[in-house]
Structures are given as structure tokens and as C-alpha cells.
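Please open the structure in your viewer and keep the sequence panel at hand. We will go through it one selection at a time.

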Amino acid sequence: MLQNKVLEYNLYLAGLVFAAVSFLGIALVLFTPFEFSDIMPECAFKSITMIYCPGCGGSRAVAAFVQGHWIKSFIYHPFVPYCGVLYIIFMARGTAAFFSRGKYNYMKFRNAYIYFGIAIIIVQFAVKDIMLVVYGKDVLQYVSGI
């Protein structure tokens, strides 16, 4: 039992470090004069196969999420806002557990979080490629214009 508490506390500390590093990245995205998409390399998988890879849109989704364009982020890659929401809940529960000195519990890991995330990645991959191959609609190019 004590080992689980130590692990949960260490994961919470790792989340705080992640937040600090993320704030530096957010500052870079928000306060630099260049466009984020200009520095991102083109997807090698899409260049070769002409279809999206399972991660296509992820970088743009992160940039949109950070800038507060959550619907755009969801359309680019729904896994990013899913992880963002899980992270916010995890950190809120961790903060409550830390400051309450045990009155509240840390968020527990569930395999369902991973399974749901994998399902999101598979579904978005299939939908984007079906839209591209069958209907000729490039979803990511459409979102860029929004």
C-alpha cells in the first residue's frame, strides 16, 4: 500500500515537471514570430504512400490545443485533447491529494485509458484515410483553413 502511494506521488511530481517543460514549449509556440507549421517536417509516411499515418495531425493538434483551439485540435487528432483532458484530471486529483494530506486519493491508472486511446487513434486514422481515398477530401487541409 505504501509503495503505491510513493509511486502515485512520484508520478504526480513527474506531471509537475512535464507542466514546467510544457510551459516553455507553449511560450515558444505563442511568442515566436514564425508560424509553427513552417518548422514542422512533412510526414514521410504520407509522402511515400499518399495516405495519412496514424499520427498525422498530432503536432498541429498540440499547437491548436495549446492556443486554445480545442475543436480544431480534436479534428486534427482527437488523441491530443483526450490526453490533455486526462492530464488535467490527473493533475487536479494529484494536487487535491497532495494538499489534503491523504483525504483525497490520487488518480488510479486503468488499462481502459490506454485501450480507449488506442481506439481513438485507430478510428481517426481510418476516418481520415477513408475521407481521403474514397471521397477525395483532405481533412487536415480543410481544418487548416478554419
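How many salt bridges does the structure hold? This is a predicted model, and the structure holds one salt bridge.

Start by selecting Glu8 and Lys108, the two partners of that salt bridge; their closest N and O atoms are 2.7 Å apart. The pair links distant parts of the chain, with the two positions 100 residues apart in sequence numbering. Glu8 is in helix H1, so colour residues 2-31 to see that helix. Lys108 sits in the loop between helix H6 (79-100) and helix H7 (111-133).

Now show the surface around the pair. Is Glu8 buried or exposed? Glu8 counts as buried because its relative accessibility is 11%, under the 20% cut-off. Lys108, at a relative accessible area of 33%, is partly exposed.

Next, switch to a cartoon of the whole protein. You will find eight helices and zero strands, and reading along the sequence gives the pattern α-α-α-α-α-α-α-α. Zoom out, and the C-alpha atoms fill a box of roughly 55 × 35 × 25 Å along the principal axes.

How do the residues meet? Among contacts between residues at least 6 apart in sequence, 57% join residues at least 24 apart.

Turn on the full surface next. The protein exposes about 10100 Å², and carbon and sulfur atoms supply 72% of that area. Buried residues make up 25% of the 146 residues.

Last stop: colour by charge. The protein has 11 positive and 6 negative charges, and the mean positions of the two groups are 18 Å apart.

Methods. Residues numbered from 1 in each chain as written. Predicted model: local features only at pLDDT ≥ 70, side-chain atom pairs only at ≥ 80, totals over all residues. Heavy atoms only, no water. Helix = DSSP H or I, 4+ residues; strand = E, 2+ residues; numbered from the N terminus. Buried < 20%, exposed > 50% of the residue type's maximum accessible area, 1.4 Å probe, protein only. Contact = heavy atoms within 4.5 Å. Areas by Shrake-Rupley, 256 points an atom, 1.4 Å probe, with all protein chains shown as cover. Lys, Arg positive; Asp, Glu negative; His and termini not counted. Charge placed at Lys NZ, Arg CZ, Asp CG, Glu CD. Salt bridge = Lys/Arg side-chain N within 4 Å of Asp/Glu carboxyl O.
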